[in-house]
Amino acid sequence: MHFSTVTAVAFAVAPQLASAHFLFPHLMLNGLRTGAFEYVREHDFGFMPHNNDFINSQDFRCNEGSWRHRREPKTAQVTAGRDTVGFNLHLDFGIYHPGPVTIYLSKAPGDVRDYDGSGDWFKVYQLGTMMPWNGTDQGWLTRDKKNFQFRLPSEIPAGQYLMRIEQMSVHPPYKQKEWYVQCAHLNIASNYNGRAPGPTIRFPGGYKISDPAIQLDSWAKPPPTFAPMPGPLLWPN
Ligand SMILES: *[C@@H]1O[C@H](CO)[C@@H](O)[C@H](O)[C@H]1NC(C)=O
Ligand SMILES: [Cu+2]
């Protein structure tokens with residue numbers, strides 16, 4: 001499904017859906033929004049959310065159908081310690097969904113266009129709630145944001161990488177969540193040759209339903225006052 005088809009259907013069928021759900025087709029590169037799917041691997045799930053079963057699927061890496069789109073995007077040339085990267089939502093919408101946004105990197109054995117994301121992932125970005133947090137949707141720093149950017153750390157070995165963004169929406173009842181993931185293609189120039197980035201996890205397997213982040217109950221009374229982040233510690237740590 002191509003971007004134009006997705007948006008055309010969204011507007012024709014249910015305009016509110018286009019703003020209620022989302023995808024991340026734009027790589028952000030030094031503050032500039034690149035074209036839709038120019039550097040981002042498309043998938044066949046459009047802007048629709050997955051439920052909690054998704055964390056146990058191989059599609060949790062880069063979303064359903066992304067493998068067959070792997071040769072479509074370009075690979076962005078970037079430099080560790082210098083360039084800022086990230087993702088922007090489709091149509092420049094804000095995310096309108098409370099919940100953490102995390103970004104991971106995984107080094108391809110060779111050409112990232114042939115990499116399925118089955119290797120190790122380390123986390124380089126996360127955004128959660130204000131501290132302290134009063135438990136409301138308004139307290140999420142991710143809410144209403146449309147792009148998520150960070151400076152690439154210097155401590156990344158040179159090579160080609162999948163960069164994966166994930167949002168876990170916490171608004172469904174109790175401990176149910178909605179999941180959104182998308183991957184971009186990076187070729188990272190770097191002089192770093194220190195210890196390997198970590199801690200690392202794999203997808204699936206790296207997340208469990210029992211993880212504190214997923215156990216967050218946004219419908220609890222009284223409301224929660226702390227929202228643990230999904231996944232391991234940030235690199236560098
Ligand atoms: C919770 O915090 C947010 C952000 O500061 C604020 O907008 C909202 O009014 C607060 N809500 C309550 C019920 O305290
Ligand atoms: Cu939703």
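Donors are the N, O and S atoms that lie within 2.8 Å of the metal. In this predicted model, the copper ion (ligand 2) has as its protein donors H21 (NE2), H97 (NE2), E178 (OE) and E178 (OE), at 2.1 to 2.6 Å. Along the chain, these donors follow the spacing H-x75-H-x80-E. The two histidines link distant parts of the chain, being 76 residues apart: H21 lies in the loop between α2 (15–20) and β1 (26–29), and H97 in the loop between β5 (84–88) and β6 (101–107). Both H21 and H97 are buried. The angles among the four donor atoms run from 53 to 139 degrees, and the site is irregular.

Ligand 1 is surrounded by M130, N134, T136 and Q138. The protein covers 38% of the 360 Å² of accessible area that ligand 1 has on its own. One nonpolar, three polar and no charged residues make up this shell. A polar side-chain atom of N134 is placed 2.3 Å from an oxygen atom of ligand 1.

Several backbone features depart from the general pattern, in which most residues other than glycine have a negative phi and most peptide bonds are trans. Cis peptide bonds join G198 to P199, with omega about -5 degrees, and F203 to P204, with omega near -5 degrees. P199 belongs to the loop between β10 (178–189) and α3 (212–215), and P204 is found in the loop between β10 and α3. A positive phi of about 60 degrees occurs at D92, in the loop between β5 and β6; D92 is partly exposed, with a relative accessible area of 33%. Y174 has a positive phi of about 55 degrees and is located in the loop between β9 (159–169) and β10. Y174 is partly exposed, at 49% relative accessibility.

Technical notes
Residues are numbered from 1 along each chain as its sequence is written. Chains are lettered from A and ligands numbered from 1 in the order in which they are written. This is a predicted model: local features need pLDDT of at least 70, side-chain atom pairs count only at pLDDT 80 or more; totals for chains, interfaces and linings use all residues. Side-chain values use heavy atoms; hydrogens and water are left out. A residue is near a molecule or strand if one of its heavy atoms lies within 4 Å of it. A polar contact is a pair of N or O atoms within 3.5 Å; within protein, one must be able to donate a hydrogen and the other to accept it, and residues adjacent in sequence count only if both atoms are side-chain atoms. Accessible areas come from the Shrake-Rupley method with a 1.4 Å probe; for residues, only the protein chains shown count as cover. Ala, Val, Leu, Ile, Met, Phe, Trp, Tyr, Cys and Pro count as nonpolar, Asp, Glu, Lys and Arg as charged, and the others, Gly among them, as polar. Donors are N, O and S atoms within 2.8 Å of the metal (3.2 Å for Na, K and Ca); water is not among the atoms, so sites may look incomplete. Four donors count as tetrahedral if all angles lie between 85 and 135 degrees; four count as square planar and six as octahedral if opposite donors are over 155 degrees apart and all others between 65 and 115; anything else is irregular. Helices (H or I, at least four residues) and strands (E, at least two) are DSSP runs, numbered from the N terminus. Buried means under 20% relative accessible area, exposed over 50%, partly exposed in between (1.4 Å probe, protein chains only).
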